[in-house]
Amino acid sequence: MSASNNVSFSASPFTLIGIPGLEAAHFWLAFLLFSLYLFAVLGNGTIIYIIKAEQSLHEPMYLFLCMLAAIDILISTSTMPRMMDLLWFNSTTIGFDACLLQMFCIHSLSGMESTVLLAMAFDRYVAICCPLRHAAILTSPSIAKIGLAAVIRGATVMAPLPIFIKRLPFCGSRVLSHSYCLHQDVMKLACADIKVNIIYGLIVIISVIGLDSLLISLSYIFILRAALSLSQEARLKALGTCISHVCAVFLFYVPFIGLSMVHRFGKIHGSNIHVVMANVHLLVPPVLNPIVYGVKTKQIHQRITRLFQRTTH
């Protein structure tokens with residue numbers, strides 16, 4: 001097959017699948033998905049509104065939370081509407097370029113979320129271990145620079161992924177094993193050497209997810225060591241500010257790392273575990289993060305309660 005034929009053949013669309021084994025329930029599952037999407041947008045949107053409206057919440061911890069909520073809305077929007085279209089209307093075909101765009105959005109936004117979670121851990125480390133320097137280190141300009149760095153890092157690191165996919169020929173099955181496009185899923189359909197894709201994918205996971213999770217773990221080791229030197233009341237107060245962030249970290253990293261391990265090293269032929277894990281990774285954090293921060297963060301909880309009281313009277 002000539003190179004020109006390969007290029008034209010590669011531009012053919014891919015086929016998405018729903019949830020294997022539950023095809024008969026796809027129509028009703030779409031209603032559940034719609035409810036989750038609506039809750040994710042409203043929940044995270046409420047967090048952003050409250051932080052923006054309340055001047056007293058213009059502190060590093062809440063500004064980083066605002067960034068996290070915005071990323072969760074974007075991740076949900078890049079996946080859930082397309083999944084609802086698939087489940088409701090059986091729209092299984094996705095164009096080649098549309099697939100690459102969705103893939104870039106998912107992976108770059110995940111990289112941004114990892115960076116923001118690391119920044120939130122750094123904020124807690126400085127607040128507990130160096131409280132007198134907290135205001136001097138995390139100023140408004142420095143927070144803005146961290147947010148910009150998160151966007152640049154996520155976009156720059158993930159930009160080569162669609163380029164690497166575009167260079168591959170596809171001459172066999174074009175049926176993806178997910179309801180949306182992931183790099184590790186698309187590259188396996190290529191009928192050429194994908195060693196470059198595999199190596200770069202591992203580099204990304206190690207340098208972004210691996211490095212960030214390691215630094216977050218180290219920050220909490222220092223936080224625990226500093227907290228143990230405080231009085232019991234001060235210790236509980238200090239650690240209490242970290243609970244929501246720890247929950248968000250587990251919600252993001254555990255499914256992400258598990259999905260990456262299953263895709264790269266697991267024997268998943270004939271198994272749907274990777275489909276379930278992929279859906280959990282992308283759908284659960286945007287839905288649960290507003291609940292976690294709304295319940296566990298006193299200031300956010302009070303403002304949400306006040307907001308609902310104001311709308312019901």
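# Disulfides, salt bridges and internal space in a predicted model

Q: In this predicted model, what is the relative accessible area of Cys191?
A: A residue is classed as buried under 20% and as exposed over 50%, with partly exposed in between. Cys191 belongs to the partly exposed class, because its relative accessible area is 38%.

Q: Which cysteine is joined to Cys191 by a disulfide?
A: Cys191 takes part in a disulfide with an S to S distance of 2.0 Å. The pair links distant parts of the chain, 20 residues apart: Cys191 is in the loop between helix 8 and helix 9, and its partner is in the loop between helix 7 and helix 8. That partner is partly exposed, with a relative accessible area of 43%. The cysteine joined to Cys191 is Cys171.

Q: What is the handedness of the disulfide between Cys99 and Cys181?
A: The sulfur atoms of Cys99 and Cys181 are 2.1 Å apart in this disulfide. The bond links Cys99 in helix 4 with Cys181 in the loop between helix 7 and helix 8, 82 residues apart along the chain. Cys99 counts as buried at 0% relative accessibility, and Cys181 also counts as buried at 0%. The torsion about the S-S bond is about -125°, so the disulfide is left-handed.

Q: What pattern do the disulfides of the protein chain follow?
A: The search of the whole structure finds 2 disulfides. One joins Cys99 to Cys181, and another joins Cys171 to Cys191. With bonded cysteines counted along the chain, the pattern is 1-3, 2-4.

Q: How far from Cys242 is the nearest cysteine sulfur?
A: A disulfide requires cysteine sulfur atoms within 2.5 Å. Cys242 is in no disulfide, and the nearest cysteine sulfur, that of Cys129, lies at a distance of 9.1 Å.

Q: Is Cys242 buried or exposed?
A: The cut-off for the buried class is under 20% relative accessible area. Because its relative accessibility is 3%, Cys242 counts as buried.

Q: Which residue forms a salt bridge with Asp97?
A: The closest N and O atoms of this salt bridge are 2.9 Å apart. The contact links distant parts of the chain, with Asp97 in helix 4 and its partner in helix 7 (residues 160-166), 69 residues apart. The partner is partly exposed, with a relative accessible area of 48%. The residue paired with Asp97 is Lys166.

Q: Which residue forms a salt bridge with Arg153?
A: The closest N and O atoms of this pair are 2.7 Å apart. The salt bridge runs between Arg153 in helix 6 (residues 140-158) and a residue of helix 9, 59 residues apart along the chain. Arg153 counts as partly exposed because its relative accessibility is 22%, whereas its partner counts as buried at 1%. The partner of Arg153 is Asp212.

Q: How many salt bridges does the structure hold?
A: One of them is formed by the side chains of Asp123 and Arg124, at 3.0 Å from N to O. Both Asp123 and Arg124 are buried. The number of salt bridges in the structure is 6.

Q: What distance separates the end C-alpha atoms of helix 2?
A: Helix 2 covers residues 26-53, 28 residues in number. At 1.5 Å a residue, the expected span is 40 Å. The separation of the end C-alpha atoms agrees with this, at 40 Å.

Q: Which helix gives the most to the lining of the largest cavity?
A: The largest cavity holds about 230 Å³ of space. Its lining comprises 19 residues, with His107, Gln184, Ile205, Phe256 and Ser260 nearest its centre. By class, these lining residues are 11 nonpolar, 7 polar and 1 charged. The helix that gives the most, with 5 residues, is helix 9.

Q: Which helix gives the most to the lining of the largest pocket?
A: The largest pocket has a volume of about 570 Å³. It is lined by 21 residues, of which Met61, Arg124, Lys237, Thr241 and Gln299 are the closest to its centre. The lining divides into 9 nonpolar, 6 polar and 6 charged residues. With 4 residues, the helix that gives the most is helix 4.

Definitions and conventions:
Residues numbered from 1 in each chain as written. Predicted model: local features only at pLDDT ≥ 70, side-chain atom pairs only at ≥ 80, totals over all residues. Heavy atoms only, no water. 1 Å grid on protein atoms, 1.4 Å probe; cavity = no way out; pocket = protein on both sides within 12 Å on 5 of 7 lines; lining within 4 Å. Points joined across faces, edges and corners; volume = space filled by probe spheres on them. Helix = DSSP H or I, 4+ residues; strand = E, 2+ residues; numbered from the N terminus. Nonpolar A, V, L, I, M, F, W, Y, C, P; charged D, E, K, R; others polar. Expected span 1.5 Å × (residues − 1). Salt bridge = Lys/Arg side-chain N within 4 Å of Asp/Glu carboxyl O. Buried < 20%, exposed > 50% of the residue type's maximum accessible area, 1.4 Å probe, protein only.
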